[in-house]
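Please work through the exercises below with the sequence and the coordinates at hand, and attempt each task before reading its solution.

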Amino acid sequence: MKKFTSIATITMASLMLVAAPAVSFAAENTTETESASQEHLITFVDATEIATNAAQLSADDVVFSKKMQTYEDGIAVYEIDFLIPNETKYEYTIDAKTGDIIDSEIEGWEEDDNEDYAALLAEDQALFDFEAAKTQIVTMPAVSQVIEEVAKGREEELCYYKDGFDYDDGRIVYVFGVMFPKEEKFEYKFDMNTGAVVDLDKDIWEADDNAEYRQLLEDHNLL
């Protein structure tokens with residue numbers, strides 16, 4: 001699998017931690033801010049263990065198809081999806097603060113899942129070890145380019161609210177979401193093999209987004 005060279009100042013680690021306007025962080029000690037953020041939320045490792053334990057399984061028993069940090073109804077959450085090939089599929093939404101399971105879904109294996117599973121096997125499963133992925137793929141050039149195009153000189157106003165890996169249309173994708181508070185939101189998906197943008201959702205700001213934004217600020221000690 002192709003490795004992408006780091007050419008930008010925004011790293012995958014910072015995409016997870018800098019979930020509020022960059023201008024707000026400029027006046028703070030970055031190390032202290034990141035440390036506080038890490039302590040405030042549980043880790044991907046914790047969320048993965050909670051989900052697999054709830055299914056009475058271990059990480060070694062399953063194949064992961066999604067590991068994502070995002071916000072849902074104003075709450076910071078981890079979405080952890082995994083499967084037992086030819087048997088069962090599991091989806092868990094974990095509260096990123098408390099570790100509580102907010103939602104879960106268990107489905108039986110269907111014929112259509114065979115094609116998806118075959119495509120998963122063709123990919124590098126290490127990508128779904130998020131901690132390992134952060135060191136393997138620091139920043140893709142395509143991510144840097146998108147940030148420049150979206151920001152258009154307004155980088156200090158951007159907030160990052162979603163980051164992680166997902167399985168989408170027969171391929172592993174890297175997903176991140178950015179927003180201009182009170183204006184609009186963007187969600188990008190990148191093909192992990194080519195670095196190309198494979199999907200883009202753009203939405204105008206809605207009333208429900210206010211709670212999500214407030215939670216972002218609270219999670220990163222900016223309220």
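The exercises that follow deal with backbone angles, aromatic pairs and charges over rings.

This is a predicted model, in which local features need pLDDT of at least 70 and side-chain atom pairs count only at pLDDT 80 or more, while totals for chains, interfaces and linings use all residues. Residues are numbered from 1 along each chain as its sequence is written, and side-chain values use heavy atoms, with hydrogens and water left out.

**Exercise 1.** Determine where Lys152 lies and whether it is buried or exposed.

Solution. Begin with the backbone: Lys152 is not a glycine, yet its phi is positive, at about 50 degrees. Next, place Lys152 in the loop between helix H7 (141-151) and strand S5 (159-168), where helices (H or I, at least four residues) and strands (E, at least two) are DSSP runs numbered from the N terminus. Finally, Lys152 counts as exposed because its relative accessibility is 69%, given that buried means under 20% relative accessible area, exposed over 50% and partly exposed in between (1.4 Å probe, protein chains only).

**Exercise 2.** Classify the aromatic pair of Trp109 and Tyr117.

Solution. Rings of Phe, Tyr and Trp (its six-membered ring) pair if their centres lie within 6.5 Å, with planes under 30 degrees apart counted as stacked, over 60 as edge-to-face and the rest as tilted. This rule yields 13 aromatic pairs. Among them, Trp109 and Tyr117 are edge-to-face, with 6.0 Å centre to centre and 85 degrees between the planes.

**Exercise 3.** Find which ring Arg154 lies over.

Solution. The criterion requires NZ of Lys or CZ of Arg within 6 Å of the ring centre and within 35 degrees of the ring normal. Arg154 lies over the face of Phe180, at 4.1 Å from the ring centre.
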